[in-house]
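Welcome, and please have a look at the model below. The report that follows walks through the ligand site first, then a handful of individual residues and some backbone geometry.

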Amino acid sequence: MDKIQINGGRQLKGEVLISGAKNAALPLIASSILVDGVSTFENVPRLMDISSIQMLLEDLGALCEFKGHTFTVNASGIDKIEAEYELVRKMRASILVLGPLVARFGRAKVSMPGGCAIGARPVNMHLSGLEALGATISIAGGYIEATAKGGLTGNEIYFDIPTVTGTENLMMAAVLAKGQTKLRNAAREPEIVCLADALNRMGANITGAGTPIIIIEGVSRLHGANCRVIPDRIETGTFMVAAAATMGDVLIRDCIPDHLGGVINKLRATGAIVDAFEDRIHIKGSEIIKNIDIKTLPYPGFPTDMQAQFMALMTIAQGNSVIHESIFENRFIHANELLRMGADIKISGGNIANVRGVSHLQGAPVMASDLRASASLVIAALIAQGTTVISRVYHMDRGYESIEKKFEGLGADIKRISS
Ligand code: EPZ
């Protein structure tokens, strides 16, 4: 397994280009199942998770081609409705093929995605939503079996929690249902809007994406289209925090500042100077990093996927910070590794972290546990005195394209140690 070695203390300077968003590309590629034809997706990041969903689609019988950052799917030849455990266990977002398979074929058998390091990650809302659309759901042998003889029928669905992939799965299921579907308390993330735009380009009739109420008027069929993946707002936020942490001066290009309101607001509160333009953000770190409190919330609140990165920044802030993780039940694993680097963090009640700023961190061997925790350790290593070696970086390769090259391009002393 590869490792990443970082010698800390460098200020990040220069420009960095943001890649397409993993969490937009995955539902977009899954939506190609709905089309008896060819769909093309531009600006797809080259990541492990994209390879995983490609393997899954090809196992179902689709033909895929991934050239540069363009991903093309011919879903005409899909002749299998079963997403197998061996493929789903590699990436739990594979659950996103469930809705499209039931919508187009009236049947689907998808392995339960199971939990991950950050939480149990149940899919009950995905399943109850499909039942509301007329599907019969059974769970046996670790598999979800969904059937809808005669197809799905539109209905009103209320989410107890604004679930991102739940909203995406049911939006895709509803596009071919008979009649109207209304999703209430829907997730509002930009990735939802990107998916709705793509489905509408394929001939769907969706309004309200990005608001808590999404209305889908069922249509008889979809056709292929050319769609573009939005820039990755979490990658953008990760580089912003890294620039602030290293008192850097960085221009982040090909991003959408409007997708980062909560993050920009919080970074300015720490003292960083953040200038946002149409498709770029200029950020300058301040010598004194002020302590701030954050609470993670559904979009447009502060994103849970930025919590670990912010915790790394707060380890060297002036004073104490309180971090409240309200979305996932176990998303402080990175704190244990930051403690090994000399941070002062106390976890109370499972979802509150009290971070007391220290003068500096020390480099140490640490271990990545999940995608965003690995980004947190990179930021900590960039500011630490001495050398840090991060193991299990496959977690990072799932969601960050050429991460060490991008940081190297900003002046970081970083290299990958291939096993
Ligand atoms: C998406 O996960 C993202 N993944 C996650 O990013 C992100 O952290 C999360 O949304 C929250 O923003 C993708 O888009 C592929 P949820 P998702 O359903 O959809 C509970 C990353 O780092 N819930 O919005 O799985 C759930 O347990 C990943 O890129 C149910 O209880 O998250 C959680 O507490 C990590 N029942 C809350 O809702 C359900 O049926 C929000 O989860 C579904 C969710």
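Helices (H or I, at least four residues) and strands (E, at least two) are DSSP runs, numbered from the N terminus. Residues are numbered from 1 along each chain as its sequence is written, and side-chain values use heavy atoms, with hydrogens and water left out. Please keep in mind that this is a predicted model: local features need pLDDT of at least 70, side-chain atom pairs count only at pLDDT 80 or more, and totals for chains, interfaces and linings use all residues.

**The ligand site**

Let us begin with the shell of residues around the ligand, where a residue is near if one of its heavy atoms lies within 4 Å of the molecule. There are 22 residues around the ligand, and Asn124, Thr163, Thr165, Asp305 and Ile327 come nearest. Sorted by class, the shell has 10 nonpolar, six polar and six charged residues. Here Ala, Val, Leu, Ile, Met, Phe, Trp, Tyr, Cys and Pro count as nonpolar, Asp, Glu, Lys and Arg as charged, and the others, Gly among them, as polar.

Which helices supply at least two residues each of the shell around the ligand? They are helix H1 (22-31), helix H5 (124-132), helix H6 (164-174) and helix H12 (371-383). H5 gives the most, with three residues. At the level of domains, whose bounds come from an automatic or database domain assignment, the shell draws at least three residues from each of domain 1 (3-19 + 231-417) and domain 2 (22-228).

The table lists polar contacts of the ligand, a polar contact being a pair of N or O atoms within 3.5 Å; within protein, one must be able to donate a hydrogen and the other to accept it, and residues adjacent in sequence count only if both atoms are side-chain atoms.

| Residue | Protein atom | Ligand atom | Distance |
|---|---|---|---|
| Arg92 | side-chain N or O | oxygen | 3.4 Å |
| Met125 | polar backbone atom | oxygen | 2.8 Å |
| Val164 | backbone N or O | oxygen | 2.8 Å |

Taken alone, the ligand exposes 830 Å², and the protein buries 88% of that. Accessible areas come from the Shrake-Rupley method with a 1.4 Å probe; for residues, only the protein chains shown count as cover.

**Cys116 and Arg121**

Cys116 lies in the loop between strand S7 (107-111) and H5. An unreviewed UniProt entry lists Cys116 for "active site", and also for "modified residue: 2-(S-cysteinyl)pyruvic acid O-phosphothioketal". UniProt positions are given in the numbering used here, feature names are shortened, and annotations may be inferred rather than shown by experiment.

Is Cys116 buried or exposed, or something in between? With a relative accessible area of 33%, Cys116 is partly exposed, on a scale where buried means under 20% relative accessible area, exposed over 50%, and partly exposed in between (1.4 Å probe, protein chains only). Arg121 also lies in the loop between S7 and H5. Arg121 is partly exposed, at 22%, and its phi is near 55°, a positive value in a residue other than glycine.

**Other backbone geometry**

Most residues other than glycine have a negative phi, and most peptide bonds are trans. Met247, in the loop between helix H8 (233-245) and strand S15 (249-253), has a positive phi near 50°. Met247 counts as partly exposed at 33% relative accessibility. Which peptide bond is cis, with omega near 10°? The one from Tyr299 to Pro300. Pro300 sits in the loop between S18 and helix H10 (307-314).

**Further residues to inspect**

Ser286 is found in the loop between strand S17 (280-284) and strand S18 (294-295). Ser286 counts as buried at 17% relative accessibility, and a polar atom of its side chain lies 2.6 Å from the backbone oxygen of Ile288.

Ala343 belongs to the loop between helix H11 (333-340) and strand S20 (344-348), and counts as buried at 9% relative accessibility. From C-alpha to C-alpha, Ala343 and Ala384 are 10 Å apart in space and 41 residues apart in sequence.

Thr147 is part of strand S9 (residues 143-147) and is partly exposed, with a relative accessible area of 25%. The C-alpha atoms of Thr147 and Gly134 are separated by 8.6 Å, with their positions 13 residues apart along the chain.
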